[in-house]
Amino acid sequence: MTKAAITAYKDKITNQMQVYNNYAVVLDSSFEPFIVTQFDIFTVVLEKLEEEIRYHKAREVFKRLKRMIATGILVLAIPMGALYVMNLFGVGVSGLPDLFIIFAKEVVYLAALAILVLWHDLATTYDAPKLLTRYPVMDDFIAESISQNTMQFSHFKLKDPLEYFHPMTKKILYEAIVHSREGYECNTQKLLQFVVKHEHTQRILKRLEIDDAGEALLQVPITDDSAPTFPFMAMQSFLLYALEQAIATKSFQVYPEHILLAMFHMFPVLKDVLKQYQVDMTTFEKIIEWYIITEQFKGRTNMFNLKQPYYQKGGIVDSWVKGYTFYLDKISSNITEIISERGGLYGIGHTKEINYLMSILQKSYDANTILVGDPGVGKSSIIWGLAQKIIEGDVPPSLRGLIIKTIDINRFLSVGNDLGGVSALIEKLSVELKNQVGTILFFDELEVLVTTGTGQGSTISYLLPLLIQSPVPIVGTMTYAQYNDFEKQYPSILQSFSIVRVDEVSTEDTYSILATKVEEYEKQYNTFISFPALGEILKMTQIYMPNKRFPKKAVEVLDQAVILASRKPEKKLTREIVRETISEITKIPTIAASQGSAHTLLNLEDKIHEKYVNQDSAVRAIVEALQRAQTMLRNTQRPISVFMFLGPTGVGKTELAKITAREYFGGDYSVIRVDLSQFKTAADMPSIMKILEKVTVRPYSLLLLDEIEKAPQFILDMFLRLFDEGVIVTEKGDNLYFNNSIIICTSNIGSDLLLNAPPEEYNQAKETVLNMLPEYFRPEFINRFDKTIIFEPLTRDHIVEICILNLNELVGKLALQGITAEYSERTINFLADIGYNPGMGVRPLKRAIQDYIEANIARYMLEVQAQSGNHPDYVNIDTIIDTMTNSPDNQDNNLIN
């Protein structure tokens, strides 16, 4: 159960209760709907509601009459006042009757009163008579007691929902109530129109990157089936569902946007409009929650808040109460004072850890604490969240009035040097802290003290007495790896520290954390931030930055995305800019990150075949995997794809991987290659891990595992989780993520069968090779591959095509040096005759080009340069071939045959 409120109804006839999960509209008078929270029950009394609507309509008539009279008086007063002033100063008017002068004077006085009346109507803001509390998540037993009809209403406080509706919300609701022959009716279309046009709704739609959603919502076909005009009784449901949405968004009052939110749930046809703009209900609710929290907390913790104790405001009053701390103030900042000045929300997602920390700090001894967690999980935000709770008084009595000071290590060392050493500073701090009352010291990244210092020894060696027997509580942060090292070096220190383990915050809490930064970033960068962009940050960082933790990775992306958006003409952070930012950070082409990456993918197969001959099925498999990856049609919790390439040596298994990396991943450096024929023992594991750790620098890569059949079983077992989940664990316990990588394993299993099989029996030979795999690998290992592809042996025609590709590449290299090179069929046939060896693949051809062409051209270039000092302008490769074929040495060596 994750709700703070449940909507249910009671059957007055049978006294049975049932939870409402489908947002149905109650139209049967025998059913009484209600909302239950952990403490309260809300019900609507129709008679009272009807009476209030009549009163509202009468009051509105009076307001309109009052404004009309006041406006009429103002209109009349303008010329009358002008004539009175002109007569008073004798300008242009004379001889006006005394009665007229008296009447004009009275009208002017009445006009002043009319101005006050109109100003009061415009300037006065009204709140609901009562404010909602922050209801906790409900216990499961309440829902169970409703379904089992055992709930005791006497245990809850009965409340009227109308008392929590903002006046402008009531006005919208009541204006949608129309008269009919049967009495009052609720006009759904009119209600939707009023809500959509309200300024609260308009600002929400703007945050959704939707410019015309208001018009789109009003154009939704409202029919008797989708959203009819309801009898007056339906107002019970509208009021309760709007109240439920207010509680869910942590609002103190029910605003017009809560009516719209309720209508989305009640009439699914309205949700289709949001779907057209790729906006989900979670984003819609988060925007409402953000606006509400921003307004409610703005200035709540500032210096002028009279509810804040005087001794938390810093300055000389703070010193009088807690004692003077001259040297401590030089090396620290007062977190409670900072929060008091700038406000905000802190510690989101870490309620459990904050509560545990508070319980430790209440201890009379050993109240020191280390917050331990992965980098980026928000360890330091816990201490800021505690400081905010202290300011707001939401802490046990023993912690009220505490101040938290964070130590700046750089200032600590600088002041220590000025005093002649860190030890001298520690002495003065110890004296100050013994006389200090109600202070907590916070060392962010406590492990830094181990590696910094002046003179002999680390800084922490001087701090040992202070840390072990501190007169005030000390709180520090560390990662798990740093804590393990610290525990080995300084076990005595840790005996006086309690440990609070800090978990990664949820995506929902991270969303709220990003929302708290919207107002600050918009002011700083003069940029508008849409909430779908925040949702995109969460989704994209989960997929493309798995090695980092929430909330830090999301905040880092928001930082860079806002900077990028501020440089755009529109100055608006959208989903497209988020994708562009993620692509820039990770070097991964994200969804719709650019037209260029989409165009590259569509033409990737052709681009590969420009440099790669044959093996169409293998090329197509890789291209399709990359296309699925960019359009998010794959499982993002595992590698892009895992392939097994089988075939004889030299047929292009490794070459295809290299060309793919070159054409799409960015270059040869994107290939992480492990030749498994080199690793045989457990002692080789660190070497393998060192190679695999390259993925932390290049997450979008191609992992090439060559000759995998030669790897021992313990290495193959290590790859099982890698192939299935895209994760491998290092000896230090760190995770390496390959979920944005393609994994290709190559093997020569069954090469002889494939080479010796006649063309008509080749398919049967391929089946035989596939059936041989269980002899080398376990079934669970084989099942990890998305596709096993058998490469075909190269024919002479294939060798000819490869020869042309290689010669063209050579001609291109010479052209870069200003040398024109030509060749003909004679050269191609010469190289193909030498380079074709069915059992060796393409390697003999490459050696032939290297030995007979490149070597002779290089020698010729050096000879010309030695004679003239310049490169030659022209090279005819056929001439080199002719020279070689006519040479007696070559004929003796039978090079052609």
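Here a trainee and a mentor talk through a predicted model of a protein.

Trainee: What makes the protein differ from a compact globule?
Mentor: Its radius of gyration is 39 Å, but a compact globule of 897 residues would have one near 29 Å. Along the principal axes, the C-alpha atoms fill a box of roughly 135 × 80 × 80 Å.

Trainee: What is the secondary structure made of?
Mentor: The protein has 41 helices and 25 strands.

Trainee: How many of its residues count as buried?
Mentor: Of the 897 residues, 50% count as buried. The accessible surface comes to about 43,300 Å², and 52% of that belongs to carbon and sulfur atoms.

Trainee: How far apart in sequence are the residues in contact?
Mentor: Take the contacts with a separation of 6 or more. Residues 24 or more positions apart account for 75% of them.

Trainee: How many charged side chains are there?
Mentor: There are 88 positive and 108 negative side chains. The centres of the two sets lie 7 Å apart.

Trainee: Let us take single residues. Why is T249 called buried?
Mentor: Its relative accessible area is 2%. Buried means under 20%, so T249 is buried. T249 lies in the loop between α8 and α9.

Trainee: What does T249 touch?
Mentor: Leaving out residues up to four places away in sequence, T249 touches H258, L261, E285, I288, E289 and I292.

Trainee: What makes the link between T249 and A246 a polar contact?
Mentor: The side chain of T249 reaches the backbone oxygen of A246 at 3.3 Å. The cut-off is within 3.5 Å, so the distance fits.

Trainee: Why is N526 called exposed?
Mentor: N526 has 57% relative accessibility. Exposed means over 50%, so N526 counts as exposed. N526 lies in the loop between α24 and β15.

Trainee: What is notable about phi of N526?
Mentor: Phi of N526 is near 50 degrees, a positive value in a residue other than glycine. E707 also has phi near 50 degrees. E707 is found in the loop between β19 and α33.

Trainee: Why is V729 called partly exposed?
Mentor: V729 has 36% relative accessibility. Buried is under 20% and exposed is over 50%, so V729 falls in between and counts as partly exposed. V729 sits in strand β20, residues 727–729.

Trainee: Which residues does V729 touch?
Mentor: Not counting residues up to four places away in sequence, V729 touches M689, R721, D734 and N735. The C-alpha atoms of V729 and M718 are separated by 8.9 Å. Those two residues are 11 residues apart along the chain.

Trainee: Why does T600 count as partly exposed?
Mentor: The relative accessible area of T600 is 30%. That is between 20% and 50%, so T600 is partly exposed. T600 is in helix α28, residues 595–602.

Trainee: How far apart are T600 and Y664, in sequence and in space?
Mentor: They are 64 residues apart in sequence and 7.5 Å apart in space, C-alpha to C-alpha. T600 touches E663 and Y664, not counting residues up to four places away in sequence.

Trainee: Why is N614 called buried?
Mentor: N614 has a relative accessible area of 15%. The limit is under 20%, so N614 is buried. N614 lies in the loop between α29 and α30. Leaving aside neighbours within four places in sequence, its contacts include E792, P793 and L794.

Trainee: Why does E432 count as buried?
Mentor: E432 has 10% relative accessibility. Buried means under 20%, so E432 counts as buried. E432 is found in helix α18, residues 422–434.

Trainee: How do you know that E432 and L328 make a polar contact?
Mentor: A polar atom of the E432 side chain lies 3.1 Å from the backbone nitrogen of L328. The cut-off is within 3.5 Å, so the distance fits. L328 is also one of the residues that E432 touches.

Trainee: How far is E432 from L702?
Mentor: They are 270 residues apart in sequence and 59 Å apart in space, C-alpha to C-alpha.

Trainee: Which residues of helix α4 are buried?
Mentor: They are T169, K170, I172, L173 and Y174. The buried residues of α4 pack against α1, β6, α5, α8 and α9.

Trainee: Where is there a cis peptide bond?
Mentor: A cis peptide bond joins F550 and P551, with omega about 5 degrees. P551 is in the loop between α25 and α26.

Terms used
Residues are numbered from 1 along each chain as its sequence is written. This is a predicted model: local features need pLDDT of at least 70, side-chain atom pairs count only at pLDDT 80 or more; totals for chains, interfaces and linings use all residues. Side-chain values use heavy atoms; hydrogens and water are left out. Helices (H or I, at least four residues) and strands (E, at least two) are DSSP runs, numbered from the N terminus. The radius of gyration is taken over C-alpha atoms; the globule rule is 2.2 Å times the number of residues to the power 0.38. Buried means under 20% relative accessible area, exposed over 50%, partly exposed in between (1.4 Å probe, protein chains only). Contact means heavy atoms within 4.5 Å. Accessible areas come from the Shrake-Rupley method with a 1.4 Å probe; for residues, only the protein chains shown count as cover. Lys and Arg count as positive and Asp and Glu as negative; His and the chain ends are not counted. The place of a charge is taken as NZ of Lys, CZ of Arg, CG of Asp or CD of Glu. A polar contact is a pair of N or O atoms within 3.5 Å; within protein, one must be able to donate a hydrogen and the other to accept it, and residues adjacent in sequence count only if both atoms are side-chain atoms.
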